[in-house]
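Hi,

Here is the structure I promised to pass on. Have a look at it first, and then read on for what turned up.

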Amino acid sequence: YGGLWWAHPEDTPDVLAAAAEIWIVEGVFDALALRQHGVVAVAALSSNNYPERALERLQEAVTARRRRGEPPREPRLVFALDSDAAGRAGIRKMVAKAREQGWADVAAAQIRQPARGKVDWNDLHQRDRLTAEDLDECRWRGDLLLAPTAMEKSLLLHKRQGRGTFPFDFDSRLYWAAVSPGLLEEAQKRLAENPGQLTTPEEIEREALRQAMRVTSIANCNPRPLYFQQDPLTDESWYFYRVEFPHDGPPAKNTFTPAQIAGAAEFKKRLLGIA
């Protein structure tokens, strides 16, 4: 199946070429589940199978539609592989390759995973969690995955959640974002008077927010708390962490005591000791 995808028998290349969006998922059942909710979906069958040959056939069908005088619109490719580490890495690689090959409208979609276990698109379908609102959140999570910089990710988070200050991770690093109300008001007034090349209120608001947003690096790694453990006999307790790195090395896993997570200085010492 290298370079190909699985598609429903009714979804011929000509039918796919007329679609507004085509979601590329991993499993056949995932594609069928999305199809029952009005989403045109195909299955790449693995997270490292870029469907190059299938996309070439799709491009040929798009070109044929243009020659027939039909709307010269190219489908939006939404890479929606599984939300595990392999799937996220596969999405980034496939999106980059699709853009290199000339696909203008490329995006991603991701599922919010539970604290334990893993769910896919078929799981969401069986749990009645593929409403329009659910799919909109998955598209937003895909935008977060593809954010090119920490600043861009902070803007997406603020727009969705509306918080003035918040921590977030980007590229396995930890950051703190804060919006200054004073700077935001000044930027809004300045851009309203002189918008330059900005043409819509949404563009002006986004640029004002960008100028008012301050993103600060907290750590050059990403410590993630996993669970709490306690020995009832000795009354000792620990917090178990996984520390992820921006390089290719494997994450480190170890414990922190309550005292070590209660203060920044002790946390930093322990973090340097295990990672």
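First, the overall make-up. Contacts between residues 24 or more positions apart make up 55% of those in the protein chain with a separation of 6 or more. Please keep in mind that this is a predicted model. The chain has 275 residues, and 39% of them count as buried. Its secondary structure comes to 11 helices and 10 strands. If you want a feel for the dimensions, the C-alpha trace spans about 75 × 55 × 35 Å along its principal axes. The accessible surface of the protein chain is about 15700 Å², and carbon and sulfur atoms hold 50% of that. As for charge, there are 37 positive and 39 negative charges in the protein chain, and their mean positions lie 3 Å apart.

Now to the sheets. One of them is an open sheet of three strands in the order 5-6-7, paired antiparallel. At its edges you'll find strand 5 (165-170) and strand 7 (213-219), each pairing on one side only. Going from one strand to the next, the twist averages 30 degrees. Strand 5 and strand 6 (residues 173-179) run antiparallel and are joined by six bridges. If you'd like a pair to click on, Thr165 has Ala178 in strand 6 as its bridge partner. Helix 9 (residues 201-212) packs on this sheet and touches strand 6 and strand 7. The direction of helix 9 makes about 45 degrees with that of strand 7.

Further along the chain there is another open sheet of three strands, with the order 8-9-10 and antiparallel pairing. Which strands stand at the edges here? They are strand 8 and strand 10: each has a single partner strand, so one side of each is left without a neighbour in the sheet. The twist in this sheet averages 25 degrees from one strand to the next. Helix 11 (residues 264-274) packs on the sheet, where it touches strand 8, strand 9 and strand 10. Relative to strand 10, the direction of helix 11 makes about 145 degrees.

The pairings in this sheet are easy to follow residue by residue. Strand 8 (residues 222-231) and strand 9 (residues 236-244) are antiparallel and share nine bridges. They form a hairpin with four residues between them, and Asp235 in the turn has a positive phi of about 65 degrees. Pro225 has Tyr241 in strand 9 as its bridge partner, and Phe228 stands opposite Tyr239 in strand 9. On to the next pairing: strand 9 and strand 10 (residues 252-256) are also antiparallel, over five bridges. Tyr239 turns up again here, with Phe256 as its bridge partner in strand 10.

One last stop is Val25, which lies in strand 1 (residues 21-25). Is Val25 buried or exposed? Its relative accessibility is 0%, so Val25 counts as buried. Leaving out residues up to four places away in sequence, Val25 touches Asp30, Ala31, Leu34, Val42, Ala43, Ala44, Leu45, Ala80, Leu81 and Trp121. Val25 and His125 are 100 residues apart in sequence, while their C-alpha atoms are 14 Å apart in space.

That's what I have for now.

Cheers

Conventions
Residues numbered from 1 in each chain as written. Predicted model: local features only at pLDDT ≥ 70, side-chain atom pairs only at ≥ 80, totals over all residues. Heavy atoms only, no water. Helix = DSSP H or I, 4+ residues; strand = E, 2+ residues; numbered from the N terminus. Buried < 20%, exposed > 50% of the residue type's maximum accessible area, 1.4 Å probe, protein only. Contact = heavy atoms within 4.5 Å. Areas by Shrake-Rupley, 256 points an atom, 1.4 Å probe, with all protein chains shown as cover. Lys, Arg positive; Asp, Glu negative; His and termini not counted. Charge placed at Lys NZ, Arg CZ, Asp CG, Glu CD. Pairing = 2+ DSSP bridges. Axes fitted to C-alpha atoms, helices over the stretch in contact; angles between N-to-C directions.
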